[in-house]
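Student: I am new to this protein and would ask for a close look at one part of it, followed by an account of its surroundings.

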Amino acid sequence: MWDVVVVGAGPAGCAAATLFAREGLRVLLLDKSAAPPPKVCGEYLSPGCLPILERIGALKSVWDAGARPLYGMTIHTAAGRTLQAHYPHGGNLGDLPVHGLAIRRSVLDPILLDVAVKHGVEFEPNFQVSDLMWEDGWVVGVRGRHRGRVTALPGRLTVGADGRNSVVARRIGSVMRHRWLDKVALVGYVTSAERAEDVGEIFLGHDRYCILNPIAPDLTNVGLVITRRDFTPTTDASRLLLDTAATLSGLGDRLAHARPTGPVRCLGPLAHRGSRLVAPGALLVGDAAGFLDPFTGEGIYAGLRSGEIAVQCALPALRGRDVAHPDLHAYAAAWRREFLPKWRLCTLFQHAIRRPPLAEWLVARLGRRPHLTTILMAAVGDLMPAHDLTPLRLLPRLLTRARTFA
Ligand SMILES: Cc1cc2nc3c(=O)[nH]c(=O)nc-3n(C[C@H](O)[C@H](O)[C@H](O)COP(=O)(O)OP(=O)(O)OC[C@H]3O[C@@H](n4cnc5c(N)ncnc54)[C@H](O)[C@@H]3O)c2cc1C
């Protein structure tokens, strides 16, 4: 009997496993792959990730592995407007870091797994979880296929960190698609792109956008997000990525000499959410709990942070005789408090991506109000809770505008 069985060795699973193990619990971490598999990702870590990486003991290894600082975002609109948006410095944000990081997932994920194993987590690769074990309405472990055999693994707490197609999420509830967000992403690396070196760049179009992340010297992560109706399944995803990106204002010239290196991966639909975050004896972290859109790049932060919150909320019950249902409800409440305001902010950005005149208005307004841009960047960078934006009455005003442009 394990204290905690964590399904999925991505950022969310590794963070939760590490922190549970640090508390002296017996933790088993499962992944269906032999090692963390390749991910479709823009490979940007928001500034809010850095203190968490420090707390789990991974930040030094991330720097040593060649992570590059990113000091903000430059946004290019369809009409040719540009907004330089930097993360805030000091002030009432104290000495929190003022940059994010660019690092390849093929480097980051193994570092996080290594940290978990060093903290005493038992890692079982090639274990594909297919079901949960239930007893009297409680989840009491997982069942799955390992080395060709069906194996049962009992645990007092099961953590679903198995990403966007989470089996755990489907077994404790259902996975819901977003009402109107129906996007597909194409992500790949190119060399010889003209790009900024220390900020990410976003190019906006009509219901589409493309992000350039300078991941290494002369290597750029290019991520294009389009609607599903604009996506034609193709055998040449590199061509589709570069040709579609070149239609965005200002980007064609920048990618004129770009050469794809490695495969371009496609993924969609992107937005989803688990109908339940907890069941007696089980909870969801990271993408298994939900994901909206990569525009504001908080997926890795949400994975790491939800892992932390899960440990804080479940620990008292695990230290007692049993995993009590009410404590896991505390996790669900904490998750909503922490992540839903940011989801609302991101949904507003999605309205602007759908309506170019709204995007133009917003970018022009933020250009005239640097103070507002700084506060917004603090929320986007996960340096302050997004609900702190409410006093600025920014969100209601944006909503009114969104209706005007509807
Ligand atoms: C196009 C795109 C761009 C993005 N760009 C960014 C970005 O720049 N910055 C950012 O912060 N976020 C970004 N994200 C989001 C980010 O990639 C995810 O939010 C993050 O990977 C979630 O981490 P996770 O640990 O929850 O899940 P994952 O990283 O997906 O890990 C899940 C793990 O579970 C394992 N698993 C799955 N099913 C099973 C099973 N049945 N049994 C056992 N193991 C299983 C998998 O093998 C995997 O290792 C992007 C997403 C998309 C789609």
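Which residues of helix H4 are buried?

Tutor: This is a predicted model, in which local features need pLDDT of at least 70 and side-chain atom pairs count only at pLDDT 80 or more, while totals for chains, interfaces and linings use all residues. Residues are numbered from 1 along each chain as its sequence is written, and side-chain values use heavy atoms, with hydrogens and water left out.

In H4, the buried residues are Arg105, Leu108, Asp109, Ile111, Leu112, Leu113, Val115 and Ala116. Here, buried means under 20% relative accessible area, exposed means over 50%, and partly exposed lies in between, with a 1.4 Å probe and protein chains only. Helices are DSSP runs of H or I with at least four residues, strands are runs of E with at least two, and both are numbered from the N terminus. H4 covers residues 105-118; at 1.5 Å a residue, its 14 residues should span 20 Å, and its end C-alpha atoms are indeed 20 Å apart, which agrees. The expected span is 1.5 Å times one less than the number of residues. After H4 comes Gly120, with a positive phi near 100°.

Helix H6 (residues 237-245) offers a second example of burial: seven of its nine residues are buried, so H6 is largely enclosed by the rest of the structure. They are Ala237, Ser238, Leu240, Leu241, Leu242, Thr244 and Ala245. These residues pack against strands S13, S15 (208-216), S16 (219-227) and S17, and against helix H7 (251-254); contact means heavy atoms within 4.5 Å.

One of these strands, S15, holds Ala216. Beyond its neighbours within four places in sequence, Ala216 is in contact with Arg68 and Arg195. Although Ala216 and Ala67 are 149 residues apart along the chain, their C-alpha atoms are separated by 8.3 Å.

A pair of packed helices comes next. Two packed helices are described by the angle between their axes and the distance between the axes. For helix H1 (residues 11-22) and helix H8 (residues 299-319), the angle is about 35° and the axes are 8 Å apart. The axes are lines fitted to C-alpha atoms over the stretch in contact, and angles run from 0 to 180 degrees between N-to-C directions. The crossing of H1 and H8 is right-handed, the term for a near helix turned clockwise from the far one by less than a right angle, left-handed being the anticlockwise case. On the H1 side, the residues that meet H8 are Pro11, Ala12, Ala15, Ala16, Leu19 and Phe20; their partners in H8 include Ile300, Gly303, Leu304 and Glu308. By class, this contact has 13 nonpolar, two polar and one charged residues. Ala, Val, Leu, Ile, Met, Phe, Trp, Tyr, Cys and Pro count as nonpolar, Asp, Glu, Lys and Arg as charged, and the others, Gly among them, as polar.

Several loops have notable backbone features. Most residues other than glycine have a negative phi, and most peptide bonds are trans. Arg147, in the loop between strand S10 (138-146) and strand S11 (149-160), is not a glycine yet has a positive phi of about 50°; Arg147 is exposed, at a relative accessible area of 73%. Ser192 also has a positive phi, near 55°, and lies between strand S13 (183-191) and strand S14 (200-205). Ser192 is partly exposed at 29% relative accessibility. A cis peptide bond, with omega about -10°, joins Gly268 and Pro269. Pro269 belongs to the loop between strand S17 (259-267) and strand S18 (272-274).

Finally, the domain assignment gives domain 1 (2-68 + 99-178 + 271-341), domain 2 (183-267) and domain 3 (355-404); such bounds come from an automatic or database domain assignment. The centres of domain 1 and domain 3, taken over C-alpha atoms, are 31 Å apart. Nine residues of domain 1 are in contact with six residues of domain 3. Pro385 lies in the loop between helix H11 (370-380) and helix H12 (394-404), and is partly exposed, with a relative accessible area of 38%. The C-alpha atoms of Pro385 and Lys342 are separated by 7.6 Å, although these residues are 43 residues apart along the chain.
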